[in-house]
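Subject: Structure for your review

Dear colleague,

Please find the structure below, together with its sequence. A summary of what was found in it follows.

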Amino acid sequence: PGCGGVRMEAAGKRSRDERGRAASVPDGHAEKSLLDRKVYMDYNATTPLEPEVIQAMAEAMQEAWGNPSSSYPEGRKAKETIGAARESLARMVGGRPQDVIFTSGGTESNNLVIHSALKHFHKTHISEGDAAEHPRPVAGALPHFITCTVEHDSIRLPLEHLVEEREAEVTFVPVSKVSGQVKAEDILAAVRPTTCLVTIMLANNETGVVMPVPDISRRVRALNQQRAARGLPVLLLHTDAAQALGKRRVDVWDLGVDFLTIVGHKFYGPRIGALYVRGLGELTPLYPMLFGGGQERNFRPGTENTPMIAGLGKAAELVAENCEAYEAHMETVRDYLEERLAAEFGKRIHLNSQFPGTERLPNTCNFSILGPQLQGDDRLPLALARVVGLVGWAGHGACRQEAGRGPSPVLLSFGIPLDVARNAIRLSVGRSTTRAEVDLVVQDLKQAVARLEGQA
């Protein structure tokens, strides 16, 4: 959520313009173009808009420019466009349209969930006057949140802020250094009488490790039955699905979550987002952070951005129709990338994103190159000339690149040694990434390694 990226540039006889469309290169320039070619491999940071998404947004600007709350034809058209997009998002995640609200992006969605859990804890806290009739096992205590150590900053920072302001307590559960996943039993062991929310990402943005959210949800549901009998607050469960959507099938009923964060620019849509809430306002509470004109049933007021919502709906429609094909292509190319790395560097390659028996995203490869002259040296990611938007800046994601270099705290949490994490590179392939592009990147990497080792 909230990260930027760089577009793919001219490539060989075929290149892609900033809209992701194919553009021809004259034959006489093919050789020069190949040498100058830049390859985009940072699709976990952001993705280009699909042409169909751009078309949907343009049509909304032209035909649905009216205020969705107004009754004139252009306003009704805008309202219909928003409704259709809501249905497409619901189909993509296996939920109901009435359980989806639109937000500005993943950061807002994540903060809204945390805000709502905090508010709900206080709203349902039994008052002093009822203490004699109803036991108060959580009387006077702060609400408690559970998350894991490899969450995105839009989860970690709001929770740390609540701790600093003494408004809540938070347990950051470490991930297993064997599986790379947070264990369901560790989550359950962290639960307190005051716990109000468990928030665990569906897939990690730096390694692609898929977390066992269905297992966690099954145990939380069983625990909630016991807690209800004891008069304790129900545990709400949230997953940030930003990295998983568009790369693997995501179904809210299989996951068993109360909240699910949706981020458009991670699956070839515009930079807005949405939030799925199971039984919105009925089964699962949601408290607005903004107050205004009553849009989105008062849960997220503000005149709707119809063109962006139309684009998000079209991107979701494409995912619902083609997800299996997208996944298969990306996995094939990612596996080829790792095969090429192994062929060129052999045992010097350390795959930071591979954990035996653990599912990971089909497009993500995080690796370091070992060697006395490279290990612990963060110059390698910066030495790659051919990769545009490379998230190899000492292993950090795009959101963290400006915060200063150094080994990624996320990789360290996964148990990657300090000197290995320091020169980590994350490459993430997309729907249109080719083997030829992989070959160019590996060639560039080989040359960069040779240059750095020659300078040592």
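The search for ring contacts gives 4 aromatic pairs, where rings of Phe, Tyr and Trp (its six-membered ring) pair if their centres lie within 6.5 Å, and planes under 30 degrees apart count as stacked, over 60 as edge-to-face and the rest as tilted. One of these is the edge-to-face pair of Y40 and Y43, with 4.8 Å from centre to centre and 75° between the planes. Y40 is buried at 2% relative accessibility, and Y43 is buried with a relative accessible area of 2%. Here buried means under 20% relative accessible area, exposed means over 50%, and partly exposed lies in between (1.4 Å probe, protein chains only). Ring pairs also bring in Y268, which forms a cluster with Y40 and Y43.

Please note that this is a predicted model, in which local features need pLDDT of at least 70 and side-chain atom pairs count only at pLDDT 80 or more, while totals for chains, interfaces and linings use all residues. Residues are numbered from 1 along each chain as its sequence is written, and side-chain values use heavy atoms, with hydrogens and water left out.

Two arginines are placed over tyrosine rings, the criterion being that NZ of Lys or CZ of Arg is within 6 Å of the ring centre and within 35 degrees of the ring normal. The charged end of R431 sits over the ring of Y326, 3.8 Å from the ring centre. R435 lies over the face of Y336, at 4.7 Å from the centre of that ring.

Salt bridges come next. Side chains of opposite charge can pair when their charged atoms come close. Across the whole structure there are 22 salt bridges, each defined as a side-chain nitrogen of Lys or Arg within 4 Å of a carboxyl oxygen of Asp or Glu. Three examples may be useful to you:

- R249 and D254 form a salt bridge, with their closest N and O atoms 2.8 Å apart. R249 is exposed at 52% relative accessibility, whereas D254 is partly exposed at 44%.
- R218 and D215 are joined by a salt bridge of 3.8 Å, N to O. They lie 3 residues apart in helix 7 (residues 213-229), so about one helical turn separates them. Both R218, at 47% relative accessibility, and D215, at 24%, count as partly exposed.
- R340 and E344 form a salt bridge, with 3.5 Å between the closest N and O atoms. They are 4 residues apart in helix 9 (residues 306-345), so about one helical turn lies between them. R340 is buried at 19% relative accessible area, while E344 is partly exposed at 30%.

In addition, salt bridges with shared partners connect E185, D215, R218 and R219 in one network.

Helices and strands are DSSP runs, numbered from the N terminus (helices: H or I, at least four residues; strands: E, at least two). Helix 2 (residues 51-63) has 13 residues and an expected span of 18 Å, which agrees with the 18 Å between its end C-alpha atoms; the expected span is 1.5 Å times one less than the number of residues. V53, I54, A56, M57 and A60 are buried in helix 2. Its buried residues fall within an arc of 160° seen down the axis, so they line one face of helix 2; the arc is taken from the directions from the helix axis to the C-beta atoms.

Finally, the structure holds 0 disulfides, the criterion being a pair of cysteine sulfur atoms within 2.5 Å. As for individual cysteines, C148 is buried at 1% relative accessibility, and C196 is buried at 4%.

Kind regards
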